[in-house]
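Here's a quick walk through one protein model, from a helix to the packing and then a few odd corners. Have the viewer open as you read.

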Amino acid sequence: MYKTNMYDPFVENQIPFNQPPSDSYWNANEQPITTKALDADIQTDVLIIGAGYTGLSCAIELANAGIKNITVIDANQIGWGCSSRNAGFVLPGSGRLSYKELESRFGTAQTLKLHDQFISAIDLLETRLSSLPGNADKTEQGYLKLAHSKSWFEKLNTSAAYLQSNFNYDVEVITKNDFNKNFVNHQHVYGAIRYKNGFGINPLKLVNHYAQLALDLGVNIYTHSPANEITKSENNTHHVITPSGSVKTNKLVIATNGYTPKSLNTPLNGKVLPVLTSVIVTRPLTPNEIEQSNFKTHQVMMDTRELKYYYRLLPDNRILFGGRSAITGKAASNPKYQHRLLQELQSSFVGLNTVTIDYGWSGWISVAFDQMPHIYKTDDNIFYATGYCGSGVSFSAWAGKQLADLISEQEVSSPLMTELPSFPFAPFRRMGQRFFYQYGRLKDWAQ
């Protein structure tokens with residue numbers, strides 16, 4: 001039998017608090033920041049629920065705009081959710097839609113605006129990293145998208161030409177031979193394209209840096225203080241109850257993303273699907289294994305499968321390898337999911353058939369029905385950003401800034417400034433997810 005059930009926001013009414021850090025590789029090498037718990041009844045100008053990338057980015061921007069009384073609460077340590085459990089991929093984009101799909105949905109002008117915002121998100125994150133010694137272990141530039149079939153390499157070629165022609169976005173095409181020679185000897189790749197502005201970071205170092213920036217700007221951060229209940233008075237004052245205190249505010253930010261509990265009274269109810277992703281990190285590769293696999297890059301990589309795998313070589317010569325996991329928190333710790341990732345890793349890279357796992361963990365990402373992030377303000381001054389679909393390390397920085405601009409009543413404009421759509425038959429979202437996973441496996445196998 002496997003370990004205790006993982007917290008599951010789809011079925012649990014409250015998020016557990018006073019929890020230990022996750023078993024991630026990041027937590028083994030960096031301590032998460034913890035502040036005192038909220039132990040009084042207070043009032044604040046802006047309350048942010050969630051001390052991850054989105055919430056802390058919003059707090060930083062609000063403080064820089066001159067707002068003084070800002071409060072952030074979190075159920076556990078800084079970044080306890082996906083901000084410290086992700087793979088540290090800084091990608092030029094968010095959501096699951098390709099540029100062609102974005103143009104079909106939003107039109108050319110709005111897609112150009114989205115492209116500019118994707119680039120601005122990376123620029124904002126890099127600006128913040130510049131004040132952190134070591135830059136959160138930032139890797140060399142480059143995001144490699146790997147074709148898992150010949151037909152997909154043709155699609156990537158077409159995509160690269162389309163991006164250059166329509167967005168003046170320089171994307172390099174790499175043949176199979178050149179990829180195996182100059183990047184890594186990969187057995188399941190038919191070629192790749194390379195976006196030159198992606199990179200990898202240590203995600204826990206990044207979220208700790210955000211927290212320190214916010215604290216230095218005078219933001220009040222309370223950890224181990226979950227929002228157990230949210231009520232609203234007639235004058236639109238929001239009252240948030242924690243285990244040992246409460247907060248009243250006129251402006252409330254929901255930055256809980258895939259960790260939003262089932263019963264918490266938020267505009268996200270029934271409108272996001274929490275999806276588990278699992279990550280393993282191997283023991284350090286030996287010099288002989290590095291030579292056999294021909295690993296010559298630390299650039300981040302992701303394949304084109306419907307159920308994607310993503311991976312990179314870490315600074316200490318371990319391989320990080322991730323992909324989709326269990327459907328439920330109850331099944332998350334079943335060893336078969338880590339074993340599946342290890343099998344795929346060993347079959348992908350030459351000479352790594354004896355490599356073993358040193359670290360393994362899971363985390364919840366948030367998926368919207370339309371597979372795109374949303375940044376929104378309700379009529380009663382509740383603000384939220386969510387739905388990054390696992391590609392939110394950089395975009396959450398921009399989303400936090402957009403939330404801050406909305407709160408400060410600055411002019412904001414984005415195709416993503418729309419309300420989250422509801423899932424049809426929301427109670428059955430996981431049944432649909434199971435069908436999608438089966439469809440995805442069949443589609444990936446057939447291509």
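What should the 22 residues of helix H4 (residues 108-129) span at 1.5 Å a residue, and how far apart are its end C-alpha atoms? This is a predicted model, by the way. The expected span is 32 Å, and the end C-alpha atoms sit 32 Å apart, so the two agree.

Next, look at which way H4 faces. An α-helix has 3.6 residues a turn, so residues three or four places apart point the same way. The buried residues of H4 include Thr-111, Leu-114, His-115, Phe-118, Ala-121, Ile-122 and Leu-125. Gln-117, Leu-124, Arg-128 and Leu-129 are also among its buried residues.

On to the packing. The largest nonpolar core has 79 residues, and Ile-48, Leu-56, Val-253 and Phe-395 touch the most other members. Helix H10 (residues 395-407) gives the most to this core, contributing 8 residues. There's also a second, separate core of 24 residues, with Ile-174, Phe-183, Val-189 and Leu-313 among them. Back at Leu-56, its contacts, leaving aside neighbours within four places in sequence, are Gly-50, Ala-51, Ile-78, Val-207, Tyr-210, Ala-211, Ala-214 and Ile-221.

What about empty space? Rolling a probe the size of a water molecule over the atoms shows where some is left. The structure holds 2 cavities of 30 Å³ or more, and the largest has a volume of about 50 Å³. The lining of that largest cavity includes His-148, His-186 and His-188, along with Asp-303, Arg-305 and Glu-344. Val-189, named above as part of the second core, lines this cavity too.

Now for backbone oddities. Most residues other than glycine have a negative phi, but here are two with a positive one:

| Residue | Phi | Relative accessible area |
|---|---|---|
| Ala-136 | about 55° | 1% |
| Gln-371 | about 60° | 29% |

Ala-136 is in the loop between H4 and strand S4 (143-146), and counts as buried. Gln-371 is in the loop between strand S16 (357-368) and strand S17 (374-377), and is partly exposed.

Last stop: is Ser-325 buried or exposed? Its relative accessible area is 2%, so Ser-325 is buried, as the cut-off for that is under 20%. Ser-325 lies in the loop between strand S15 (319-324) and helix H9 (335-348). Its side chain makes a polar contact with the side chain of Ser-278, at 2.6 Å. Setting aside neighbours within four places in sequence, Ser-325 is also in contact with residues including Leu-276, Thr-277, Tyr-337, Ser-362 and Tyr-437.

Notes. Residues are numbered from 1 along each chain as its sequence is written. This is a predicted model: local features need pLDDT of at least 70, side-chain atom pairs count only at pLDDT 80 or more; totals for chains, interfaces and linings use all residues. Side-chain values use heavy atoms; hydrogens and water are left out. Helices (H or I, at least four residues) and strands (E, at least two) are DSSP runs, numbered from the N terminus. Buried means under 20% relative accessible area, exposed over 50%, partly exposed in between (1.4 Å probe, protein chains only). A polar contact is a pair of N or O atoms within 3.5 Å; within protein, one must be able to donate a hydrogen and the other to accept it, and residues adjacent in sequence count only if both atoms are side-chain atoms. Contact means heavy atoms within 4.5 Å. The expected span of a helix is 1.5 Å times one less than its number of residues. A nonpolar core is a set of buried Ala, Val, Leu, Ile, Met, Phe, Trp, Tyr and Cys residues joined through side-chain atoms within 4.5 Å. On a 1 Å grid over the protein atoms alone, a cavity is a set of points where a 1.4 Å probe fits but cannot get out, and a pocket is an open set with protein on both sides within 12 Å along at least five of seven lines; lining residues have an atom within 4 Å of a point. Grid points are joined across faces, edges and corners, and a volume is the space filled by probe spheres set on the points.
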